[in-house]
Amino acid sequence: MKLFLVAGARPNFMKVAPLLEAFHARRDQLPELQPFLVHTGQHYDTQMSDEFFRDLGMPVPDIHLGAGSGSHAEQTARVMVAFEKICLEHKPALVVVVGDVNSTMACAISAKKLLIPVAHVEAGLRSRDMTMPEEINRLCTDVISDFLFTTDHLADENLVAEGCQRERIHFVGNTMIDSLQKHLSRALAVPLPQGLEAGRYALLTLHRPSNVDDPATLQRLFNAINAIAEHISILFPAHPRTAQRLAGIYLHDRVRVIEPLGYLAFLGLMARSRLVLTDSGGIQEETTVLHVPCLTLRENTERPITCEMGTNILAGTEPDEIVHHAMRALNAPPPTNRVPEKWDGSAGGRIADVLISWLLLNRQVAAAQHGLERSR
Ligand code: UD1
């Protein structure tokens, strides 16, 4: 009995690692279950993929599809075709996808059309912004998934409002936070880059197409970032998409651009920073748990719980607004926010419990049917 766990891009790896671990820890409950780690290859650079596997202690993937980059249609199609082939070959009893990247949706569709049940981890998040490719991926994946594992009660409400049957929804918490809690002490042992002192620098990430693809938009954002750099040094590990577009953009001397970082180095930097500026999804959640102020440089967020009870401020993309929020955060005492319910390091275990119970039940039903047929 095989179970496929799919990871494709950088933000998937820390969500999948706790699931793999949870299934291994429960192997006595269903010894014939074989969890298979499938890497689609959406991210393929050492810094975007291999370093994460090493830092998270993940095994080499059982199957690598080597999909690579391309337009959305090309990338999605390549993953779908390759994933369909391995589903036909291995006939998994269940496919688990995480997050909202192209690989998530592609694998969910391929599996579902082969009548293989699909579980979506991090279901129900909605930005209501249909210009985001991730929003399309989230909607398509959720509508066809058999198991919808959610990180907070707002996600449950979104799914119910869209007409999902309640029995498909399981509020389990956040597997990304499982990884954070497990690895934080190792991350804090990674030395800070030369010249940086804990609590005296800001950390920047930017990669959304809507922020980085148009040079004028990117320069406007950097006008704000340059103004903030007058007050605090800013470290900027640049995503490949953004790095390709930085030529011609004016950066303040105190904005230091570096290569993308592995999981531990980045987590360690985030935990010790005074302020984070980002357009990422997951970083809004990680900073909430780390109690580090986070300015999200977007007009919307699919993770409103991080604004409701966390450290996240939706700062938008207008330079004056961004600088205003940054100054407020820098002049305020460190946050003492609440952490969302069930973001406690045990989400992977809750998911494995639900899925193993279901697989056991299925096995019993299949055995009973087999018995009936033989007695006829
Ligand atoms: C993808 C996800 C996004 C996630 C982000 C995190 C989708 C729609 N987007 O965006 O949700 O937040 O990953 O990183 O799935 N590239 C490399 N090396 C790599 C990977 C990408 O150089 O290992 C370059 C390629 O030039 C590529 C570009 O980055 O064209 C964009 O990569 P892609 O996977 O298409 O989307 P991301 O912007 O990384």
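How many nonpolar, polar and charged residues does the shell around the ligand have? In this predicted model, the shell has five nonpolar, nine polar and four charged residues. In total, 18 residues surround the ligand. The closest are Gln42, His43, Asn102, Glu134 and His207.

Several polar contacts join the ligand to the protein. At Asn102, a polar backbone atom is 2.8 Å from an oxygen atom of the ligand. At Glu134, the side chain takes part: one of its N or O atoms is 2.6 Å from a ligand oxygen. Gln244 also uses its side chain, with a polar atom 3.0 Å from an oxygen atom of the ligand. On its own, the ligand has 750 Å² of accessible area, and the protein covers 88% of this.

The ligand takes up space in the largest pocket. Three helices each give two or more residues to the shell around the ligand. These are helix 1 (10–25), helix 3 (72–90) and helix 10 (240–243).

The largest pocket has a volume of about 1100 Å³. Its lining is made of 47 residues. Pro11, His43, Met48, His207 and His239 lie nearest the centre of this pocket. Helix 1, helix 3 and helix 10 each give two or more residues to the lining. So do helix 2 (46–56), helix 5 (133–144), helix 11 (263–271) and helix 12 (282–290). By class, the lining has 20 nonpolar, 17 polar and ten charged residues.

Two residues appear in both descriptions. His43 is among the residues closest to the ligand, and His43 is also among those nearest the pocket centre. His207 likewise is one of the closest to the ligand and one of those nearest the centre of the largest pocket.

Definitions and conventions: Residues are numbered from 1 along each chain as its sequence is written. This is a predicted model: local features need pLDDT of at least 70, side-chain atom pairs count only at pLDDT 80 or more; totals for chains, interfaces and linings use all residues. Side-chain values use heavy atoms; hydrogens and water are left out. A residue is near a molecule or strand if one of its heavy atoms lies within 4 Å of it. A polar contact is a pair of N or O atoms within 3.5 Å; within protein, one must be able to donate a hydrogen and the other to accept it, and residues adjacent in sequence count only if both atoms are side-chain atoms. Accessible areas come from the Shrake-Rupley method with a 1.4 Å probe; for residues, only the protein chains shown count as cover. On a 1 Å grid over the protein atoms alone, a cavity is a set of points where a 1.4 Å probe fits but cannot get out, and a pocket is an open set with protein on both sides within 12 Å along at least five of seven lines; lining residues have an atom within 4 Å of a point. A molecule sits in a cavity or pocket if more than half of its atoms lie within 2 Å of its grid points. Helices (H or I, at least four residues) and strands (E, at least two) are DSSP runs, numbered from the N terminus. Ala, Val, Leu, Ile, Met, Phe, Trp, Tyr, Cys and Pro count as nonpolar, Asp, Glu, Lys and Arg as charged, and the others, Gly among them, as polar. Grid points are joined across faces, edges and corners, and a volume is the space filled by probe spheres set on the points.
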